[in-house]
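Hello,

Here is the structure I promised to pass on to you. Have it open while you read, and find each residue as you go.

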Amino acid sequence: MSKFFSLSKVLMKDVVSVLDMKFGNKGGKFTGPILWGIVGLCMLPLIFVFYMLFQGVCAIFVPAGELAYITGFMFSIVCLVVLFFSIVSVPSVFYFSNDVETLLPLPLRPAQIIGAKFFVALTMEYGIALLIIAPMYAAYLSYLPVGSLTLNMLIGLLLLPVTPLAYSSIIVMVLMRLFRFGRNRDFYNLIIGLVALVFGAGIGIFSSQLNTITPEQAVELLEGNRGVLDNLRSIFPGTLFAGRAVANGEAGAQLINIAITAGVVALFLFLSKFLYFKSVIGISESSAPSRKMTKEEVLTGARSSGIFASYLQKELRLLFRNPTALMNCVLMVFLMPALMIGSMAFQLSNTDIDLSGLLLAIDYNNPRVVSFIMAGAAAAGIFISCMNLVTCTCISREGKNYIFMKYVPVSYRTQLNAKAASGLAVSVAGLVLFFAGLEIIFKAPLTVFLGALILSLPGGILMNYLGMLIDLAKPKLVWDNEQRAVKQNVNSVILIFGGMFLAAVIGVVGGIFLKTPLTAFVTLLIVTGALAFGSMQMVLTMGESYLEKLNV
Amino acid sequence: MLTLRNVSKTYGNSSVKAVDGLSLEIGGGQIVGFIGPNGAGKTTTIKMITGILNPDEGAIEIDGHDIVKNPLEAKKSFGYVPDSPDMFLRLKGMEYLNFMGDMYRVDVSVRKERIASLAETFEMTGSLNAKLQSYSHGMRQKIIIMGVLLNQPSVWILDEPMTGLDPRAAFTLKEMMRAHAKAGNTVFFSTHILEVAEKLCDRVAIINKGKIIFDGELDELKARHDQISLEEIFMEVTDGE
């Protein structure tokens, strides 16, 4: 048992480091907690809405004496969410942590390795379970006497994520055993990234819809879907007994819950002996073997592109072939505006507002309207480009290989400009698609469309060079997993929040004070152009000295 | 030609110099092995030679170009093989070589012949269409060496170049190092494998605690220590320092 705990402790450090957000390579003692505090604050409104909604539900079900139904419902919902999240997280703990081949030669039993990994995955799920159940349970408690946080609830909560995690682990092990493509880390990251994006968008729409659901509607929803809940209970049978134990204080029900959970864990351990080790050995980061080159192909394949173009090509290849960078740095530029427009359209469709009438009502001959559009375009250029995390992670993504930048006989200026160009290419593509999309919807005159597009471009230059400056000043070069260079890089947060603030200032000030289209266009072009030029000069002058000093 | 004059480096606020007043002059036609225990200052020295770090004191010249004052010209004169070949892993072998060819301005007609020849020498022709990510450690080491040799720089600086190479590739590289030096060029490499240094080097520089404690021909070193092996000499001179 001591080996199991020692191993779990070591593997747990990986989880702790995942949560450890840092600014640059060192970061202050409180940087991580402060940043997670901000993330927590951002989630408070959603938690509050969830609490209020559930309170309304409890107001009907608790007086009716259906306590077990409510508690069972809470547990079932948590199990479902944990099942979904753990399917995403299990492969990284079980398959892509690159430690199994180190652990196997150690005097450990297979069950100890699998058990420790399961334990590590379980601790990750507790956070999610707690986040969901806390507002529901708080609402539930508000209808019960003070001090009702029972031992049964604590046991129920401890056991809650075990069953869904065991299910998802078995599902993942079967998939990994059957399909080789799942064992490719890049492919996995791409799929997981896409799922996470869709899920994120879903949460966004769900939380905006949650505001519009009344407690009465929620009660109706629950009453009308008792069958669904019964199905959930048969998938997670422990929840029925955990619910009864919490609601009615039935010790017997809790014992059955414990027995069911133990049974599920035993089943998981039994199956994993056959499924896990056979699929985890030899897992790679690479794709299928590629076609072999002949000598003739080698001769024709050698070609020259020039220093800048070649460096840019290298940047783009590494960016687009790295699923983590692609999902987080590039795709958000295209998805964020689409999500915003989609969410807006979704919300409008739920109101009585006539969308097509609204679009037709826009008077492009009104100078005030067009100057508003110009200010909006300049702000959109900055906003969309601050979603582009290509340059604000471009030094961090180099990791230990940053030294290449220092020993290659190419000036820092050329290298930095090529890196900026890779980000700029993404921004320009995003802006062109965004404005083209708006043009299809709004059918603005060509001059307005072109004016808006031109005004948005300096924002792209500005945010890309500013992002690079941030990353040059505090790059995160020490990482063992490239996801940490992108996802846990505070530089991205600084750029996003800074960009949003700047976009708001430009949009609001421009919209209020610039009253004719020409004044708006010229003034905004000069202001954003000057900011863009300034940021470029700052990078090119300060960047060299930052690179000179760089030593990790 | 590689010259280090009284070079020193201290990290951060440390009171200990990682490299302390180091001087070396390596002329053409020489293979110099740079050996020393862990933390002796080998990597710091190589980082300063290649421009990754700036020295606090002293000067470094490569083919007459000062690495601090005239970095681009100095960098054009050497080829550097870092200790870890895990770089640009998502590029394909051919893409990597073309990229290196562009960075070092290797003419495309010359590049074609050199890539073909190096790929054949290192038995990499069939693998150039694959991403570096799919290569073994040894193959990654080979492709990095190929990228450096593409430019045919006069000074080779190699940090633990034999690590991970199979016997055939290691033999080939050693032969290439000999041929490069024989043509009047400079080879400077660090290694922990003293047998390699013993068999390959014309000269060794032993560094310990940031200072060169021996710099000279192997025969001279052996003569001083009653003809015992380099391994035994190394143990003797670095012991208790």
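Phe88(B) is a good place to begin: this residue is buried, because its relative accessible area is 6%, under the 20% cut-off for that word. Phe88(B) sits in the loop between strand S6 (78–81) and helix H3 (93–103) of chain B. Its phi is near 50°, a positive value in a residue other than glycine. Please keep in mind that this is a predicted model.

Chain A offers a residue to set beside that one. Lys443(A) is not a glycine either, yet has a positive phi of about 50°. Look for Lys443(A) in the loop between helix H19 (412–442) and helix H20 (446–473) of chain A. Is Lys443(A) buried or exposed? Lys443(A) counts as exposed, because its relative accessible area is 62% and the word applies over 50%.

Staying with chain B for a moment, its secondary structure comes to nine helices and ten strands. The chain has 241 residues, and 57% of them count as buried. If you take contacts in chain B between residues at least 6 apart in sequence, 65% of them join residues at least 24 apart. The area that chain B exposes is about 9,500 Å², with 46% of it supplied by carbon and sulfur atoms.

Now to where the two chains meet. The size of an interface is often given as the accessible area lost when the parts come together. For chain A and chain B, that buried area is about 3,900 Å², and 60% of it is on carbon and sulfur atoms. Which three residues supply more of the area that chain A buries against chain B than any other three? They are Arg321(A), Tyr407(A) and Pro409(A), with 19% of that area. Counting contacts, 41 residues of chain A touch 43 residues of chain B.

There are polar links here too. Between chain A and chain B, 16 residue pairs are in polar contact, with both residues at pLDDT 80 or more. The count of salt bridges between the two chains is three. In a salt bridge that you can look up, the side chains of Glu482(A) and Arg90(B) meet at 2.6 Å, N to O. On the side of chain A that touches chain B, the elements giving two or more residues are helix H13 (295–301), helix H14 (307–320) and helix H18 (403–407). H14(A) gives the largest share of that side, six residues.

Two buried residues of chain A come next. Val370(A), in helix H17 (residues 367–386), is buried with a relative accessible area of 6%. Beyond its neighbours within four places in sequence, Val370(A) is in contact with Tyr364(A), Val448(A) and Pro517(A). The C-alpha atoms of Val370(A) and Thr516(A) are separated by 7.6 Å, although their places lie 146 residues apart along the chain. Thr163(A), in helix H7, is also buried, at 8% relative accessibility. With neighbours within four places set aside, its contacts are Phe236(A), Thr261(A) and Val264(A).

Helix H7 (residues 162–178) of chain A also gives four residues, the largest share, to a nonpolar patch. This surface patch of about 480 Å² is made by Ile87(A), Ile171(A), Val174(A), Leu175(A), Leu178(A) and Phe179(A). Ile87(A) lies in helix H3 (residues 67–94) of chain A and is partly exposed, at 32% relative accessible area.

Enjoy exploring, and do write back with questions!

Best wishes

Key
Residues are numbered from 1 along each chain as its sequence is written. Chains are lettered from A and ligands numbered from 1 in the order in which they are written. This is a predicted model: local features need pLDDT of at least 70, side-chain atom pairs count only at pLDDT 80 or more; totals for chains, interfaces and linings use all residues. Side-chain values use heavy atoms; hydrogens and water are left out. Patches are made of residues with over 30% relative accessible area and no salt bridge: like charges are joined within 9 Å, nonpolar side chains (Val, Leu, Ile, Met, Phe, Trp, Tyr) within 5 Å. Accessible areas come from the Shrake-Rupley method with a 1.4 Å probe; for residues, only the protein chains shown count as cover. A salt bridge is a side-chain nitrogen of Lys or Arg within 4 Å of a carboxyl oxygen of Asp or Glu. Buried means under 20% relative accessible area, exposed over 50%, partly exposed in between (1.4 Å probe, protein chains only). Contact means heavy atoms within 4.5 Å. Buried area is the accessible area (1.4 Å probe) that two parts lose on being put together, summed over both. A polar contact is a pair of N or O atoms within 3.5 Å; within protein, one must be able to donate a hydrogen and the other to accept it, and residues adjacent in sequence count only if both atoms are side-chain atoms.
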